[in-house]
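This report looks at the packing, the strand pairing and the pocket of one protein chain. Please have the sequence and the structure open while reading.

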Amino acid sequence: MSSLMALGMIAAFSPAFAQSPSHDAGVAAPNAAVVTLPQDQWRAAGITLAPVTRAPFENTLRLTGKISLNEDRVAHIYSLVEGTVSDVPVTLGQRVQTDDLLAVIHSREVGEAKLQLYQDRLQVELANIQHQMQTKVAGNASELLDALRNNTGIDEIERQFRDRPMGDFRERVVAAYAAYLKSAADVVRLEGISETGAVSGKQLLTARANRNADQATFQSRIEQIQHELHTSTVMSSQAVKMAEAKALVSATSLRILNVPANEIDHIDPVNQGETISHYAIRAPFDGTILTKDVVLSEQVRPDVLLFSIADLSTVWVTANIYEEHLPLLDSFKNQTVKLRNDALPEQSFTAKVFYTGDVMDETTRTISLRAIADNSGHHLKPGMFINIELPTSQPTASVLIPSSAVQEHAGQTFVFVLNGTNDFHRRDVKLGLANESSVVVEQGLHDGESIVVQGGFILKSQLLADLMGEE
């Protein structure tokens, strides 16, 4: 409201105003100053009242921040092997999907590793075949030994085991068994005729000794063959495990080089030819290629950066919190903040605070704040400056009044408190924190009091006019 309009309104309503009696000094004490205005003139004067209440003080802290890459979604890609670049199917700034091919490198190391794995797998197949054969031989030989222990006849043994493979075990044990059967038959024959005197006792004793020797030889041969069967079976089983372990080591070496599993599972030197040495570099996640430092036929090494890829669907917002705002630091965690940029005046963005630093920068006397923002539209560009609106609030309720209720004169701040029906008392107040619409009153007001929140300038003008008149 302009001064001329205020003076006009004062003149219009001055007959209705009254001031409390002055003190001996001739000037009313500021805190005792009273302006009287009948209720029927409040509307014309723009007087609006509101009770004094308590509420948490909320404010918006405005900071200048910067958009940066989401460091959790940035990949600097190197080759794990030396070689020559044979293909680069992507370009700078291109958006790629997970596992998209970025480059192909002709690597001797990869080729040799794949060939070694191919040979190791052949050895595993051979060891498995040998073990299966050895297991079959051992099973057949064990059944033969059981039949011999049961005194099965030679003809029956020949019939049962004729076409069943068992190596030289058959010949060795059957020969010993046949020798034992012959010497045993000789003893039986000689025992039958020894009583007639046709043979001497010495011949019978010799035959019995030969039988016992052949029986011992036969039993020894069985035990020896059993031991050999067990040993050879264990050795063939161990050979399979060793071959499998060697193949596993070779496959793991390729996995360490980040060779895809499907390539490891389908190694075929005949069909693949020289492409068996190709080493593919692929995108680790969806993103945009920010740097590309590789060209065709270039020699690359593991210490040379080839690509940088960033997922720009989210970005970080970085800002510095000054020392004066440290009491609010804990309240910032997990807060949602608003973002605005002058280049995009019609758009607003939000971000969620996920980190407030624990160490203060000695140079700037600030603490770092980080928030993450959705950037699916790719409007927020890393390196862009951004305006941040960060809501803050006090944990306890305070006496909170509208800023329009506060008046000021001669360095003093005051409000008008309704006392009675038509009397407005000037009340000096001590103010605290303020935002765009409200201010905290630290001293001077009590809950439930009615104060003027609109039209206080009219009351202030009349009060000052009366004071100047008294002087």
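Which residues of the largest nonpolar core touch the most other members? In this predicted model, they are L102, Y279, F307 and I309, out of 35 residues in that core. At least two residues of the core come from each of β4 (74-78), β7, α3 (108-149), α6 (201-256), β8 and β11 (305-310). In soluble globular proteins, nonpolar side chains tend to be buried together.

I309 shows what such packing looks like for one residue. Beyond its neighbours within four places in sequence, I309 is in contact with residues including V74, I77, V96, L102, P284 and F285. Another core lies apart from the largest one; its 23 residues include V317, A319, A351 and I388.

Two of the elements that supply the largest core, β7 and β8, are also paired with each other in the antiparallel sense. The table lists this pairing and one other.

| Strands | Sense | Bridges | One bridge pair |
|---|---|---|---|
| β5 (83-87) and β7 (101-106) | antiparallel | three | D87 and V104 |
| β7 and β8 (278-282) | antiparallel | five | V104 and A280 |

V104 therefore deserves a look in the viewer: its bridge partner in β8 is A280, and V104 is itself the partner of D87.

The largest pocket has a volume of about 240 Å³. Its lining is made up of 13 residues, and N59, H325, L328, T392 and L433 lie nearest its centre. Two or more lining residues come from each of β3 (53-69), β16 (385-402) and β20 (430-434), with β3 giving the largest share, four residues. By type, the lining has six nonpolar, five polar and two charged residues.

Key: Residues are numbered from 1 along each chain as its sequence is written. This is a predicted model: local features need pLDDT of at least 70, side-chain atom pairs count only at pLDDT 80 or more; totals for chains, interfaces and linings use all residues. Side-chain values use heavy atoms; hydrogens and water are left out. On a 1 Å grid over the protein atoms alone, a cavity is a set of points where a 1.4 Å probe fits but cannot get out, and a pocket is an open set with protein on both sides within 12 Å along at least five of seven lines; lining residues have an atom within 4 Å of a point. Grid points are joined across faces, edges and corners, and a volume is the space filled by probe spheres set on the points. Ala, Val, Leu, Ile, Met, Phe, Trp, Tyr, Cys and Pro count as nonpolar, Asp, Glu, Lys and Arg as charged, and the others, Gly among them, as polar. Two strands pair if DSSP finds at least two bridges between them. A nonpolar core is a set of buried Ala, Val, Leu, Ile, Met, Phe, Trp, Tyr and Cys residues joined through side-chain atoms within 4.5 Å. Buried means under 20% relative accessible area, exposed over 50%, partly exposed in between (1.4 Å probe, protein chains only). Contact means heavy atoms within 4.5 Å.
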